[in-house]
Amino acid sequence: MTMLPARSFAQETMRTRPIPGTNETLPVIGLGADQIFIQTPEEDKNLPKSIIQAMTDMGGRVIDTPAFFGANELGQTFSGKPILGELITEMGLQEKLFLTGKITVKGKEEGIAHLEKTEQYANKRPMDLLLVHNMLEMNNHWPTLKAWKDSGRVRYIGTSLTRQKTYEGLEKFMKEEKPDFILTGYSMAHPQAAERVLPLALDMGIAVIGAEPFKAVVDGAYFNVVAGKQLPEWASEFDCETWAQFSLKYILSNPAMTCVLTETSRLHHAKDNLMAGYGRLPDETTRQRMSEHFRSL
Ligand SMILES: NC(=O)c1ccc[n+]([C@@H]2O[C@H](COP(=O)([O-])OP(=O)(O)OC[C@H]3O[C@@H](n4cnc5c(N)ncnc54)[C@H](OP(=O)(O)O)[C@@H]3O)[C@@H](O)[C@H]2O)c1
């Protein structure tokens with residue numbers, strides 16, 4: 001059954017953006033690599049499935065797969081087999097979903113083994129998008145990704161880089177290698193990528209996946225800043241009903257953004273976030289107003 005948003009917008013499906021230079025589009029809100037996709041949560045065994053189902057019902061299809069082994073972005077390691085691959089196989093979504101994976105380990109051979117595990121655990125070949133995590137050992141891993149793309153083992157390749165004051169290394173890499181995708185952190189609290197990286201991506205035709213939409217120093221701290229504050233009335237001018245949508249609609253209204261990843265372990269938060277893919281987006285004047293308002297809180 002299709003679960004349409006409670007409010008009706010002119011647009012009945014989630015907004016999509018093209019992957020530059022292709023005929024393929026991506027829905028603008030995706031799911032991040034949350035802990036619930038690694039291990040079944042004891043308190044609600046059906047939760048991971050319900051969240052994936054809500055995403056597909058509401059028109060989404062992008063999931064960032066957890067770092068299947070080796071360290072993730074927080075330096076945590078997981079030795080078990082993440083449940084995500086089994087879930088999406090069970091749900092028959094293997095082909096429909098756009099799955100991303102990342103090399104998060106050092107060493108060329110270790111990187112290749114990591115990709116093979118990712119592919120095996122995600123149960124998808126070719127994978128849709130593989131990234132080098134935070135530009136780790138690009139000399140080792142980028143040639144591997146290029147070889148995998150040349151042989152048809154992955155459809156798109158690129159790198160991630162988040163939490164930087166400047167992104168000079170990423171800019172240089174984009175200019176030299178023209179990856180298909182980059183993944184970077186971008187939000188009102190961390191707007192640095194909008195200075196040069198996002199305009200460059202737009203200019204060069206590189207797709208951008210946004211991460212850390214709710215980060216202000218630590219995960220989810222955006223919500224500490226807005227806690228107890230009333231959403232401004234003018235947010236309704238761009239069909240925004242919650243603080244989560246306020247951040248996501250700010251991010252998505254940057255024309256370089258292709259898709260934003262949101263991480264949550266709660267079904268109602270997932271639906272809230274997915275709703276940001278519906279309705280109007282703020283214009284440039286409103287974006288400035290949003291940013292000033294956020295800074296004043
Ligand atoms: N270098 C990289 O490759 C890299 C780096 C960082 C992130 N990423 C990717 O980007 C994804 C998202 O970024 P992130 O990890 O920084 O997380 P995030 O989405 O910015 O923040 C997650 C936090 O926000 C809370 N939250 C989510 N939706 C909410 C809502 N509607 N209302 C209230 N609270 C809400 C979550 O708590 P609840 O669980 O309680 O909802 C959680 O504490 C990651 O999962 C990962 O896939 C990649």
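A charge is said to sit over a ring when NZ of Lys or CZ of Arg is within 6 Å of the ring centre and within 35 degrees of the ring normal. In the predicted model shown above, Arg-287 meets this rule, lying over the face of Tyr-250 at 4.2 Å from the ring centre. A second case involves Arg-153, which is placed over the face of Trp-148, 4.0 Å from the centre of the ring. Both rings belong to helices that are described below, after a look at the whole chain.

The protein chain contains 10 helices and 10 strands. Along the principal axes, its C-alpha atoms fill a box of roughly 55 × 45 × 35 Å. A compact globule of 297 residues would have a radius of gyration near 19 Å, and the value for the protein chain is 18 Å, which agrees. Of the 297 residues, 56% are buried. Contacts can also be sorted by how far apart the partners are in the sequence: among those with a separation of 6 or more, 74% join residues 24 or more positions apart.

Tyr-250 is one of the residues of helix 8 (residues 243–252), a helix that is mostly covered, with 10 of its 10 residues buried. The buried residues include aromatic ones such as Trp-243, Phe-246 and Tyr-250 itself, and also Lys-249 and Gln-245. What do the buried residues of helix 8 pack against? Their partners are strand 1 (16–18), strand 3 (29–31), helix 7, strand 10 (259–262), helix 9 (267–275) and helix 10.

Helix 4 offers another view of how a helix can be placed. Its 13 residues (138–150) should span 18 Å at 1.5 Å a residue, and its end C-alpha atoms are 17 Å apart, in agreement with that expectation. Buried in helix 4 are Met-138, His-141, Trp-142, Thr-144, Leu-145 and Trp-148. Seen down the helix axis, these buried residues fall within an arc of 160°, so they line one face of helix 4. The face turned away from this buried side carries Asn-139 and Asp-150, which are exposed. The buried residues pack against strand 5 (98–103), helix 3 (108–122), strand 6 (127–132), strand 7 (154–161) and helix 5 (168–177). Just after helix 4, Gly-152 takes a positive phi of about 80°.

Aromatic rings also pair with one another, and the count comes to 12 aromatic pairs. In one of them, the rings of Phe-214 and Phe-223 have centres 4.8 Å apart and planes at 50°; the pair is therefore tilted. Are these two residues buried or partly exposed? Phe-214 has 8% relative accessibility and so counts as buried, whereas Phe-223, at 32%, counts as partly exposed. Tyr-222 and Phe-294 form a stacked pair, with 5.5 Å from centre to centre and 25° between the planes. This pair links distant parts of the chain, since Tyr-222 lies in helix 7 (residues 222–226) and Phe-294 in helix 10 (residues 284–296), 72 residues apart. Tyr-222 and Phe-294 are both buried. Ring pairs join Phe-214, Tyr-222, Phe-223 and Phe-294 into a cluster.

Note on methods:
Residues numbered from 1 in each chain as written. Predicted model: local features only at pLDDT ≥ 70, side-chain atom pairs only at ≥ 80, totals over all residues. Heavy atoms only, no water. Helix = DSSP H or I, 4+ residues; strand = E, 2+ residues; numbered from the N terminus. Expected span 1.5 Å × (residues − 1). Buried < 20%, exposed > 50% of the residue type's maximum accessible area, 1.4 Å probe, protein only. Arc of directions from axis to C-beta. Contact = heavy atoms within 4.5 Å. Phe/Tyr/Trp six-rings, centres within 6.5 Å; stacked < 30°, edge-to-face > 60°. Rg over C-alpha atoms; globule rule 2.2 N^0.38 Å.
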